[in-house]
Amino acid sequence: MKKALLLSVCFCLLASATLLGQDVQKRIVSGVLLSPQGEPLPGVSIVIKGTTTGTVTDMEGAYRIEAPLGAVLVYSFIGYSSYEVRVTEKNSAPVGGQRSAQTGVSSGTVQDSKSTAPASKRSKRKSRQQSPKTMPDPGNPVEERGVAVLSDSAAGFKVLGNNNLYQNRIHGPLAKIRFSQKRNEWVLVPSYYARQQKPHFRLEFSTALSSSIVNRLPALQDEYAQGRAVEGELVARDPAAGDPHSWGPPLQELSYDGSGKLIPRQQGMQAATAYNPYDAFRTGFATNNRLQLFTSIDRLTFKTGYSNKFSSGTLPVNSYQHHALDFSANAEWGPLQPRLFISYSGAREKLPLRGANGAAVLGSLYTTPPTFDLMNGSSFRKPWNKQAAYLNGDGSQRSFAPGLADHPYWLLNTLPDQQEEQKALYGMELMFRNHWPVDLQYNLLLDKAQDHSLFGIPPGAAGATAAVHAPARLTDRRLNTTALTSSLNANYTLHPYNNSWNADFLATYNFSYDQQELNRFDGAGFSTGAAYSLDQAAERLERISSPYRRTHEIITKGMFHWNVNGLRIAQMAFSNQIYISNTLAPDNSRFFLPTASLSFNLHQLELFRYSDFLSELRTYATYASTLREAPLLYNQWHFNSLQYTPESYRQYYETEELFSPPGLLPEQLKKWEAGVDAGLFRGRLNLQARYFFNITDQLLVPVFVEGQYQLKNSAKLISPGLEVALKTHGYFSDGRWEAGATFSRSRPYVKELYHGEESLPIAGFSTISTNLIEGEPYGVLWGSRFSRNNEGQLVIGRDGFPIVDAQAGIIGNPNPNWLGSVWGTANMGSFGFAFALEVKKGGDSWNGTQQFLNYYGRSQYTAEQRHVRGYIFTGVNEEGAPNRQPVDFYNPANAFAENRWVRYGAAGVAEEAVEDASWLRLNEIQFSYQLKTATARRLHLQRLKLALIARNLFVLTNYSGIDPAGSLFGYQQAAGLDLFNQPNVKSYGFSLTLNL
């Protein structure tokens with residue numbers, strides 16, 4: 001603070017003193033005084049020493065005074081050191097010849113340029129003792145910190161840089177005054193000129209490598225062969241029989257004959273062995289590299305970067321590549337602060353896991369009988385790439401049940417699925433700040449993107465030649481999007497003189513233009529063996545559309561702050577949004593979308609200010625209303641599978657494209673929130689808690705109407721919830737630690753369904769789905785269930801097995817009771833440690849994967865339970881009496897259709913597969929080492945950090961499926977549905993960050 005006035009005077013005198021009169025005995029000295037932070041200094045006193053003549057700076061820090069040549073100006077301000085400057089005809093310099101201990105600035109009198117230059121030359125020819133002592137010693141860096149000069153045309157030296165931007169203020173001390181042999185004159189080199197000549201560069205490189213392996217997979221049995229019971233005997237069958245089940249005899253009772261077929265065990269014959277289909281999984285690999293260059297030249301800052309990512313999944317053939325380039329430039333040109341940025345990225349993925357392609361591969365893999373060798377007797381290192389493993393000699397698919405099941409390697413090599421994306425982003429930002437009451441900001445952003453995807457069901461796939469649901473198909477889909485957004489903001493700050501309150505006012509105008517150009521070509525009717533391309537399709541469908549939207553938004557906002565003794569006590573804000581769009585009817589435009597908030601900083605009150613227990617206490621409440629229009633092109637596909645049964649999941653295809661129809665209303669959102677932020681025990685413990693209550697009206701849902709889906713305003717959704725976060729910290733002898741925990745609980749439910757609907761399916765299948773049902777939680781599971789009497793007891797049929805109810809119903813709630821997390825970090829010297837745990841309590845999931853594996857006799861559970869005899873289901877018979885009928889789960893003497901798990905079909909009864917999906921997951925654990933600063937500098941580095949990272953190390957759960965956090969086909973709206981979902985993986989890797 002003591003040096004600020006000195007620097008301000010330097011800024012002033014260097015920049016702006018000007019001769020206005022003809023009297024050579026006087027000067028007009030004027031300028032603007034700024035603090036080191038660039039803020040105006042009002043009220044600074046400037047007095048001609050020895051007189052009462054003087055002036056003070058105004059609210060902008062500006063002043064003007066007339067002073068005779070030779071006079072001394074005294075600058076003084078409360079809290080700052082006084083500073084004196086002599087006014088001379090040719091120049092101005094600090095009074096006296098000694099360095100001030102308070103300011104650390106050299107002082108002295110600068111001679112006229114005509115006499116100074118020769119003196120300097122003589123000093124160089126003879127000796128330094130003869131040099132004039134009026135100039136700062138260039139060899140002493142302390143004395144080069146500042147020199148006050150008048151920056152008029154009569155100055156006795158040249159100011160280098162010729163940059164008018166710095167006429168009124170220069171942040172930072174001046175560099176030096178020196179004699180230029182080339183110019184034959186004294187020159188002043190200001191700090192901004194020195195920075196212009198010496199740009200600063202910083203290079204940052206980071207890389208990360210990781211490998212991943214499958215963490216959880218279904219437990220498969222390897223004890224029983226492909227086949228089933230025939231006339232009371234367990235019979236092993238070969239692929240030619242077309243039987244996909246694994247209900248045959250034990251492998252220990254079987255041998256291979258000379259042709260490799262299974263026969264009853266015979267002496268001298270090769271014993272039957274089980275093959276592990278999980279050998280198909282590989283170790284995934286990922287690398288992520290980033291190179292950034294930062295450059296600063298004067299007040300210009302440039303940043304450019306390049307990054308690339310590559311990953312190969314645990315499922316063979318799947319791979320992903322991504323490249324990105326970006327550039328940005330920032331400048332500070334006085335009040336104007338422009339920023340430009342450009343970025344480009346491109347990505348390519350082979351076998352992206354979309355639709356049912358991943359589920360089809362995994363379903364074929366998991367249901368492969370243990371006696372079927374996927375590698376066909378070979379020992380290929382990468383069998384999924386070898387045709388001999390998945391093709392017969394005639395080129396047909398090699399399958400354990402031709403026409404009914406696929407070889408997973410054949411699918412991996414035949415599925416056409418791939419995706420390419422390109423994106424370019426151009427942006428500009430202009431900020432105008434000149435210490436006016438009004439600040440202006442303008443933003444312009446142009447986003448161009450291209451998405452090209454190819455996907456299909458190849459000829460020869462299981463069920464692909466059938467005329468139901470989805471025969472062999474191929475889709476070439478191209479989507480080009482253009483998004484232009486423009487924003488103009490004006491911010492006005494009002495500071496009353498009593499300082500008890502102040503206010504900020506904001507006005508924003510936003511304009512956006514969005515256009516999506518869809519070109520989609522669908523082909524069907526392919527024949528097996530023919531070329532798999534759109535040109536060979538017997539049926540072709542072309543869909544071209546180019547919807548666009550223009551929106552105008554005007555937002556006005558006022559914020560009022562109340563202060564007591566310079567401390568902010570309360571804040572209140574009001575705003576309103578006006579929204580106009582060409583895709584809304586004029587009477588549906590919104591001119592009143594208000595928002596309000598109120599907060600109190602209670603810890604600033606005298607009652608709490610010196611409390612050891614409470615160091616911070618802030619309470620707040622907000623209300624906001626806004627809207628959300630339907631997307632021009634509905635880019636979520638979760639509804640497409642609702643017309644399929646689970647048994648036909650292989651034929652599922654993303655066929656529908658939904659657009660916003662005319663007259664569609666936007667979703668209306670209202671949000672209430674109240675919360676508290678508290679610091680306890682002198683800030684050692686921080687508590688944040690908030691309660692929210694959200695309402696979404698006119699919820700947009702795809703609805704099946706007259707044989708096709710339409711996007712409609714269908715429901716009103718209520719979402720109350722609570723979030724709490726705790727954080728604490730402490731210190732070691734050589735380090736610091738932090739730890740925290742979060743808790744959240746949300747209860748979304750459907751308040752109302754429109755159009756007389758009783759339920760609306762969102763995602764899933766025709767017999768098991770997530771639904772909207774009035775009065776029920778959002779996305780409840782709806783599916784087939786067992787029949788029950790009025791007391792809720794199972795109704796058992798005459799055969800001793802539970803009866804399936806003719807009416808489906810609610811069978812589960814996928815919403816968790818609560819979510820939580822625990823995290824911590826510790827740094828001890830150069831070493832660091834971090835971890836993160838996540839918990840989910842409650843929430844149901846339909847384990848369809850287990851149902852299918854039970855049906856095919858492939859699960860370990862059926863291997864353990866197939867010999868159960870005389871089991872009695874708890875319940876009542878159709879007459880209401882307690883059930884006493886015993887049953888056998890799998891008795892070869894009975895018809896195969898009476899099997900405990902076959903009788904209800906591949907998907908079984910949905911209710912029976914619903915499980916609790918609670919879990920505890922170790923999300924991440926990290927060990928790091930950072931080179932000490934002194935060591936890094938000796939190696940000419942700014943920073944070097946190495947980290948070892950493990951993610952998703954374990955999941956503790958009672959859920960028997962693959963991953964309790966998964967969702968059907970990867971759709972967010974299908975959470976709680978599991979049918980051959982992607983497996984959970986854990987990864988290990990390291991990262992390196994290097995700054996030069």
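Two strands count as paired when DSSP finds at least two bridges between them. Keep that rule in hand as you look at this predicted model, because it is the key to our starting point, strand β38.

## A strand with two partners

β38 (768-773) pairs with strand β39 (residues 780-783) in the antiparallel sense, and 4 bridges hold that pairing on record. Within it, Thr770 of β38 faces Leu781 of β39. The hairpin of β38 and β39 has 6 residues between the strands, and there Gly775 takes a positive phi near 85°.

β38 also has a partner in strand β37 (residues 759-764): the two run antiparallel and are joined by 5 bridges. Here Gly764 stands opposite Ser769 of β38. This hairpin, from β37 to β38, passes through 3 residues.

Which way do the residues of β38 point? Ile768, Thr770 and Leu772 point one way, while Ser769, Asn771 and Ile773 point the other way. Both groups are buried. Since 6 of the 6 residues of β38 are buried, the strand is largely enclosed by the rest of the structure.

## A small open sheet

Now move to another set of strands. An open sheet is formed by 3 strands in the order β46-β44-β50, with mixed pairing. Its edge strands, β46 (914-916) and β50 (977-978), each pair on one side only. β44 and β50 run parallel and are joined by 2 bridges. One pair to find on your screen is Trp846 with its bridge partner in β50, Leu977.

## Empty spaces

Rolling a probe the size of a water molecule over the atoms shows where empty space is left. The table sets the largest pocket beside the largest cavity.

| Space | Volume | Nonpolar lining | Polar lining | Charged lining |
|---|---|---|---|---|
| Largest pocket | about 1,400 Å³ | 24 residues | 16 residues | 9 residues |
| Largest cavity | about 220 Å³ | 12 residues | 4 residues | 5 residues |

The largest pocket is lined by 49 residues, and those nearest its centre are Pro748, Tyr778, Asn815, Gln972 and Gln973. Several strands each supply at least two residues of this lining, among them β32 (667-680), β34 (708-732) and our earlier acquaintance β38. Which strand gives the largest share of the lining of the largest pocket? That is β33, with 7 residues.

A search of the whole structure finds 5 cavities of 30 Å³ or more. The largest cavity is lined by 21 residues, of which Ala356, Asn357, Gly456, Ile457 and Tyr652 are the closest to its centre. The elements that give two or more residues to its lining are α4 and β22. The largest share, 3 residues, comes from β22.

## The nonpolar cores

The helix α4 turns up again in the largest nonpolar core. This core has 75 residues, and Tyr366 and Tyr409 have the most contacts inside it. Elements giving two or more residues to the core are α4, α5, α6 (408-414), β22 (438-457) and α7 (848-855). α4 gives the most, with 6 residues.

Tyr366 is a good residue to click on. Leaving aside neighbours within four places in sequence, Tyr366 is in contact with residues including Leu217, Tyr278, Phe281, Leu853, Ile962 and Phe980. A second, separate core has 11 residues, including Ile46, Ile48, Tyr75 and Val87.

## Three loop residues to visit

Asn376 sits in the loop between α4 (357-367) and α5 (387-390). Its phi is near 60°, a positive value in a residue other than glycine. Asn952 lies in the loop between β48 (943-951) and β49 (955-956), and its phi, near 55°, is also positive.

Are these two asparagines buried or exposed? Buried means under 20% relative accessible area, and exposed means over 50%. Asn952 is therefore buried, at 14%, whereas Asn376 is partly exposed, at 40%.

Leu665 is found in the loop between β31 (658-659) and β32. With a relative accessible area of 23%, Leu665 is partly exposed. Not counting residues up to four places away in sequence, Leu665 touches Asn588, Gln698, Leu700 and Asn713. Leu665 and Gln698 are 33 residues apart in sequence, and their C-alpha atoms are 7.0 Å apart in space.

Notes. Residues numbered from 1 in each chain as written. Predicted model: local features only at pLDDT ≥ 70, side-chain atom pairs only at ≥ 80, totals over all residues. Heavy atoms only, no water. Buried < 20%, exposed > 50% of the residue type's maximum accessible area, 1.4 Å probe, protein only. 1 Å grid on protein atoms, 1.4 Å probe; cavity = no way out; pocket = protein on both sides within 12 Å on 5 of 7 lines; lining within 4 Å. Points joined across faces, edges and corners; volume = space filled by probe spheres on them. Nonpolar A, V, L, I, M, F, W, Y, C, P; charged D, E, K, R; others polar. Core = buried A, V, L, I, M, F, W, Y, C linked by side-chain atoms within 4.5 Å. Contact = heavy atoms within 4.5 Å.
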